[in-house]
Amino acid sequence: MTSGKLLVTGAWIDRARLESLERLGLRLRRPSHVLTEEELEHELKGAVAYLHGGEERATAAALLSAKETLKVVAFVGVGYESFVDVAAADDLDIVVTSTPGAARDSVATFTVAQIINTNWQIVQQLGNRYPDWDNPDELPHELSARKIGIVGMGTIGTRIAEILRQAFGAKVGYYSRTRKEILEKELDLEYQPLRELVAWSDILVVMVPGNEKTKYMIDAGILAEARKGTILINTARPSVVDPEALYTSMEEGRISLAVFDGFYPKDSEAAARLLEDFGGRLLVTGHIASHTREAMDRMVNQAVRSIENVLNGLTDPYAVGARSDRLPEARESSP
């Protein structure tokens, strides 16, 4: 039987999915609002596990406040780098886990829906009962006639490619740090270097994780390769696309429409300029692609299993960070 406090943030999380942790003997603590850094420091004191499903920033200072007891931070989602100081957790022998794959179908389906939406310009046509199609160049294309480039062929990128190839017969190219030669044969995909992929694509899909290595990966040099009228769809992290470069490419007409699920920080001047000058050509949703009931339940269930694994002294397959293979009991013998 494990004892101690379990901190859970994220008011949307169904308590019924936490019952197995309570049966372990954990004492549940659920604040009703998003915690500041100082509040998180206070709440983490005495906690043995933290299920992170909110917008809190688990900084080095917050984690340090729980160094005597905290064994695991289970992040609900995959973008943990923006919310948990993993390096600090490594130094404190705190295991950090994430939930990769749990939202694959939700994000992939949402992304394909946005491809369909922008390809037919459905939002722009809403309420237009009598469209004027005098100019044939303005007619939309079937997806089978479109070249769609995917930047990042991970779990979600692969699912997007499967849907586009198998359901619509679209031409799909991709760029990834490592080639997926088996996938290329199975789905008839074409691997291309990033610049060539951008120049080739009618619709460019960004599907790489947001971190320091990918920040502004899609920059001015990359977007300069885009042909006029290219549609950009970023349902990964806004930070992967340089907002200044995006502004220039939209001003020049290289990017005709841009889609974001989640946007740049509110205090970003570049983001404000994008919205002010190109609001009609920007479709922005509030990071909702993964927020289906089924995906959220899968993510919480996965995070709960990770907590159980770590507290039971097992290696968790979803652990991240340099010390993710260290078991909780190792801390007691560490110098």
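Leu63 lies in helix α3, where helices (H or I, at least four residues) and strands (E, at least two) are DSSP runs numbered from the N terminus. At 0% relative accessibility, Leu63 counts as buried; buried means under 20% relative accessible area, exposed over 50%, and partly exposed in between, with a 1.4 Å probe and protein chains only. The model is predicted, so local features need pLDDT of at least 70 and side-chain atom pairs count only at pLDDT 80 or more, whereas totals for chains, interfaces and linings use all residues. Residues are numbered from 1 along each chain as its sequence is written, and side-chain values use heavy atoms, with hydrogens and water left out.

**Surroundings of Leu63 and Ile122**

- Leaving aside neighbours within four places in sequence, Leu63 is in contact (heavy atoms within 4.5 Å) with Leu44, Ala58, Leu70, Val73, Asp85, Ala88, Ala89, Leu92 and Ile94.
- One of these partners, Ile94, is 31 residues from Leu63 in sequence, and the C-alpha atoms of the two are 8.5 Å apart in space.
- Ile122 belongs to helix α6 (residues 122-125) and is partly exposed, at 38% relative accessibility.
- Not counting residues up to four places away in sequence, Ile122 touches Ile116 and Asn117.

**Buried and exposed sides of α2**

- Helix α2 spans residues 37-44, and its residues Leu40, Glu43 and Leu44 are buried.
- These buried residues cover an arc of only 95° around the axis, which puts them on the same side of α2; the arc is that of the directions from the helix axis to the C-beta atoms.
- An α-helix has 3.6 residues a turn, so residues three or four places apart point the same way.
- Glu38 and His42, on the other side of α2, are exposed.
- The cover over the buried residues of α2 includes the strands β1 (4-9), β2 (26-29) and β3 (47-52), together with helix α3 (60-64).
- Gly46, just after α2, takes a positive phi of about 85°.

**Packing of α5 against α7**

- Two packed helices are described by the angle between their axes and the distance between the axes.
- Helix α5 (residues 104-120) packs with helix α7 (residues 155-168) at an angle of about 50°, and their axes are 9 Å apart.
- Axes are lines fitted to C-alpha atoms, for helices over the stretch in contact, and angles run from 0 to 180 degrees between N-to-C directions.
- The angle makes α5 oblique to α7: angles under 35 degrees count as roughly parallel, over 145 as roughly antiparallel, 65 to 115 as roughly perpendicular and the rest as oblique.
- The crossing of α5 past α7 is right-handed; a crossing is left-handed if the near helix is turned anticlockwise from the far one by less than a right angle, and right-handed if clockwise.
- From α5, Arg104, Asp105, Val107, Ala108, Thr111, Val112, Ile115 and Ile116 meet Thr155, Ile156, Arg159, Ile160, Ile163, Leu164 and Phe168 of α7.
- The residues of this contact divide into 10 nonpolar, 2 polar and 3 charged, where Ala, Val, Leu, Ile, Met, Phe, Trp, Tyr, Cys and Pro count as nonpolar, Asp, Glu, Lys and Arg as charged, and the others, Gly among them, as polar.

**Helix α12 and its partner α11**

- The axes of helix α11 (residues 243-252) and helix α12 (residues 269-278) come within 9 Å and cross at roughly 20°.
- The two helices, α11 and α12, are therefore roughly parallel to each other, and α11 passes α12 in a left-handed crossing.
- Pro243, Glu244, Leu246, Tyr247, Met250 and Glu251 of α11 meet Ala270, Arg273, Leu274, Asp277 and Phe278 of α12.
- This contact of α11 with α12 has 7 nonpolar, no polar and 4 charged residues.
- Within α12, Ala270, Ala271, Leu274 and Phe278 are buried.
- Seen down the axis of α12, these buried residues fall within an arc of 100°, so they line one face of the helix.
- Glu269 and Glu276 are exposed on the other side of α12.
- Both α11 and β12 (282-285) are among the elements that cover the buried residues of α12.

**Positive phi outside glycine**

- Most residues other than glycine have a negative phi, and most peptide bonds are trans.
- Asp188 is not a glycine, yet has a positive phi of about 60°.
- Asp188 is found in the loop between α8 (181-187) and β8 (190-191), and is exposed, with a relative accessible area of 56%.
- Tyr216 also has a positive phi, near 55°, in a residue other than glycine.
- Tyr216 is placed in the loop between β9 (203-206) and α10 (220-223), and counts as partly exposed at 34% relative accessibility.
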